[in-house]
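The following exercises ask the reader to work through one model, element by element, with the sequence and coordinates at hand. Each task is followed by a solution that proceeds step by step.

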Amino acid sequence: MQDVDTVRYPLAAPGSDAWERVVTKTRADLRDHGCSVLPEFIRPTSWETLRREGATVAPSAHYDVTETNVYNTKLDAGLPAEHPGRIIMRRGNAFVPRDLIPADSVIHRLYRDPSFVRFVAACFELPALHELADPLSGLVLNVVQPGMDHPWHFDLNEFTVSLLTQEPEDGGVFEYCPNIRSAGAENFDAVRAVLTGADRAPVRAQTLRPGDLQLFKGRYALHRVSAVHGDTARHTAIFAYSQRPGVMGSVTRTQQLFGRVLPTHRDAERHAIRVDQLLD
């Protein structure tokens, strides 16, 4: 892809010295910190195109201010008083679904580029990755308006790939707690301590810049985007892949994110198989 700095990130040359250096470093970051940032992955000459394309579709985002908890589960689930799921937060971020992002945009072309997908899989130490079959959530643009944040949550996917397309004037810092839970242990006490501010020790912070690519293990890492300040919204492209083909988003989460579901979501949910028993 002409928009990628292929000198620093030679996507089309797997096995080359430069490719191996980037992949090795990214793997080490992910093992040690659960997060790796590849600065200026997109060439500076393409930053304005990246920003403009995101700003053009941003008004199409589904925007809804609602109350939520860290697990995005029902708020009346009868949880114990000290359960972190009882802590209510305001969610006001918004998402533009894939079907409203032009196929010729930088982020859509990057999402589908075989050399990029192969590179991402290698960084996560996976044999292969697949685009989501979901026509809405495979690729999205996340919009955080001034005065809003993206509250603490966990991802449904074990790993997340994102690209900042528009930087806010102030705020909008990515904060995360790597490996605060595992597939076999929710670690509710530690999660609650972060949510209440009783313990900030697990929290790491990462300020991203336009064109920075972030690879992140978000299934087991509590994370958020802090409040955005100023007059400029924070825009981030989120690329969703799966280790198996044909993956669709759940009906509940799809409705939350986009305000609509498609017949394919309902059909897929009848045959869905969970990979763990975490709350979500």
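A pocket, on a 1 Å grid over the protein atoms alone, is an open set of points with protein on both sides within 12 Å along at least five of seven lines, and its lining residues have an atom within 4 Å of a point. The model treated here is a predicted one.

**Exercise 1. Describe the second largest pocket by its volume, its lining and the elements that contribute to that lining.**

Step 1. The volume of the second largest pocket comes to about 200 Å³.

Step 2. Its lining is made up of 14 residues, and those nearest the centre of the pocket are Asp 64, Thr 66, Arg 91, Gln 256 and Leu 257. Two or more lining residues are supplied by each of β3 and α6 (251-258).

Step 3. Sorted by character, the lining of this pocket holds eight polar, three charged and three nonpolar residues.

**Exercise 2. Locate the largest cavity through its lining, and then place Thr 165 within its surroundings.**

Step 1. The search yields one cavity of 30 Å³ or more, and the largest cavity holds about 50 Å³ of space.

Step 2. Its lining consists of Leu 50, Glu 53, Gly 54, Val 57, Ile 101, Pro 102, Ser 105, Ile 107, Leu 141 and Thr 165. Helix α2 (residues 47-57) provides the largest share of that lining, with four residues, and the lining as a whole divides into six nonpolar, three polar and one charged.

Step 3. Thr 165 belongs to strand β9 (residues 160-166). Because its relative accessible area is 2%, and buried means under 20%, Thr 165 counts as buried.

Step 4. When neighbours within four places in sequence are set aside, the contacts of Thr 165 are Leu 50, Arg 51, Ile 107, Leu 141, His 235, Thr 236 and Ala 237.

**Exercise 3. Which residues have the most contacts inside the largest nonpolar core, and which helix gives the largest share of this core?**

Step 1. The largest nonpolar core has 46 residues, and Phe 41, Phe 116, Phe 119, Leu 163 and Phe 239 are those with the most contacts inside it. Helix α4 (residues 114-123) gives the largest share, seven residues. Separate from this core is a second one of 13 residues, which includes Val 70, Phe 154, Ile 180 and Leu 222.

Step 2. In soluble globular proteins, nonpolar side chains tend to be buried together.

Step 3. Phe 239, with residues up to four places away in sequence left out, touches Ile 107, Leu 110, Tyr 111, Phe 116, Gly 138, Leu 139, Val 161, Ser 162 and Leu 163.

**Exercise 4. Examine the positive phi values of Asn 72 and Asn 187, and then describe helix α5 and the residue that follows.**

Step 1. Most residues other than glycine have a negative phi.

Step 2. Asn 72, although not a glycine, has a positive phi of about 55 degrees, and its place is in the loop between β3 (66-68) and β4 (89-91). With a relative accessible area of 13%, Asn 72 is buried.

Step 3. Asn 187 has a positive phi near 55 degrees and lies in the loop between β11 (174-177) and α5 (188-196). At 40% relative accessibility, Asn 187 is partly exposed.

Step 4. In α5, the buried residues are Val 191, Ala 193, Val 194 and Leu 195, and these pack against β8 (150-153), β11 and β14 (222-225). After α5 comes Gly 197, with a positive phi near 80 degrees.

Technical notes
Residues numbered from 1 in each chain as written. Predicted model: local features only at pLDDT ≥ 70, side-chain atom pairs only at ≥ 80, totals over all residues. Heavy atoms only, no water. Core = buried A, V, L, I, M, F, W, Y, C linked by side-chain atoms within 4.5 Å. Buried < 20%, exposed > 50% of the residue type's maximum accessible area, 1.4 Å probe, protein only. Contact = heavy atoms within 4.5 Å. 1 Å grid on protein atoms, 1.4 Å probe; cavity = no way out; pocket = protein on both sides within 12 Å on 5 of 7 lines; lining within 4 Å. Points joined across faces, edges and corners; volume = space filled by probe spheres on them. Nonpolar A, V, L, I, M, F, W, Y, C, P; charged D, E, K, R; others polar.
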